[in-house]
Structures are given as structure tokens and as C-alpha cells.
Amino acid sequence: MKTFIWFVVGVGAGFVVAHEVNKTQQGKAFFADLDAKAREFGEAISDGYHQREAELRAAIGGADSAGDAAIGGRSDS
């Protein structure tokens with residue numbers, strides 16, 4: 001329980017510090033850069049996922065329609 005309390009205190013202190021830093025011009029620039037990098041990373045993960053999904057669907061051919069119908073999804077026939 002003591003560890004959890006220290007964890008909550010640390011998270012709260014982190015939010016307070018981040019809020020204070022965000023009030024400065026340098027802080028705003030830092031968080032804008034951090035946000036841009038996080039979005040870029042998320043887009044890269046998403047693109048990689050969709051690319052791999054397309055590769056796997058191509059590898060199994062037309063079996064994806066039969067698989068969708070077997071699990072209650074829509075059927076193209």
C-alpha cells in the first residue's frame with residue numbers, strides 16, 4: 001500500500017511539474033515537439049500493422065472471406 005501511495009504522489013507531482021513547464025515558451029515548444037514525435041510514432045505503428053495485415057491477407061488468398069463468414073462476419077457471396 002505504501003508503494004502505491006508513493007506512486008500516486010509521483011504521478012501527481014509529475015502533472016504539476018509538467019503544467020508549470022508548459023507555461024513557458026520553451027516548455028510549450030518541448031511539448032509540441034514531443035506531441036509531434038508521439039503522433040509520428042503512432043502513425044508508423046499503424047502503417048506497419050496495416051501493411052503486415054495486407055501481406056497476410058494476400059498470403060492466404062480468398063480464404064479471408066470464408067473466415068469472416070465462419071465467425072459471423074459479412075459474406076461477399
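A residue counts as exposed when its relative accessible area is over 50%, as buried when that area is under 20%, and as partly exposed in between. Keep that scale in mind as we walk through this model, which is a predicted one.

Let's start at the N terminus, with helix H1, which covers residues 2–21. Phe7 sits in this helix, and because its relative accessibility is 56%, Phe7 counts as exposed. Phe7 has company there: together with Met1, Phe4, Ile5, Trp6, Val8, Val9, Val11 and Phe15, Phe7 makes a nonpolar surface patch of about 1000 Å².

Moving along the chain, we meet a charged pair. Glu20 and Lys23 form a salt bridge, and their closest N and O atoms are 3.3 Å apart. The two partners fall into separate accessibility classes: Lys23 has a relative accessible area of 51% and is therefore exposed, while Glu20, at 43%, is partly exposed.

Next comes helix H2, spanning residues 25–60. Its 36 residues reach 53 Å from the first C-alpha to the last, close to the 52 Å expected at 1.5 Å a residue. Within the numbering of this helix you will find Phe30 and Phe31. A search of the whole structure turns up 1 aromatic pair, and these two residues form it, edge-to-face, with 5.1 Å from centre to centre and 70° between the planes. Both rings belong to partly exposed residues, because the relative accessible area is 47% for Phe30 and 26% for Phe31.

Helix H2 also holds salt bridges of its own. An α-helix has 3.6 residues a turn, so residues three or four places apart point the same way. Side chains of opposite charge can pair when their charged atoms come close. Asp33 and Lys37 are 4 residues apart in H2, about one turn of the helix, and they form a salt bridge with closest N and O atoms 3.4 Å apart. With a relative accessible area of 40%, Asp33 is partly exposed.

Further along H2, Arg52 and Glu55 lie 3 residues apart, again about one turn of the helix. Their salt bridge brings the closest N and O atoms to 3.1 Å. Arg52 is partly exposed because its relative accessible area is 47%, and Glu55 is partly exposed at 38%. The bridges described here are among the 5 salt bridges counted in the model.

Finally, look just after the end of H2: there Gly61 takes a positive phi of about 70°.

Methods: Residues are numbered from 1 along each chain as its sequence is written. This is a predicted model: local features need pLDDT of at least 70, side-chain atom pairs count only at pLDDT 80 or more; totals for chains, interfaces and linings use all residues. Side-chain values use heavy atoms; hydrogens and water are left out. Patches are made of residues with over 30% relative accessible area and no salt bridge: like charges are joined within 9 Å, nonpolar side chains (Val, Leu, Ile, Met, Phe, Trp, Tyr) within 5 Å. Accessible areas come from the Shrake-Rupley method with a 1.4 Å probe; for residues, only the protein chains shown count as cover. A salt bridge is a side-chain nitrogen of Lys or Arg within 4 Å of a carboxyl oxygen of Asp or Glu. Helices (H or I, at least four residues) and strands (E, at least two) are DSSP runs, numbered from the N terminus. Buried means under 20% relative accessible area, exposed over 50%, partly exposed in between (1.4 Å probe, protein chains only). The expected span of a helix is 1.5 Å times one less than its number of residues. Rings of Phe, Tyr and Trp (its six-membered ring) pair if their centres lie within 6.5 Å; planes under 30 degrees apart count as stacked, over 60 as edge-to-face and the rest as tilted.
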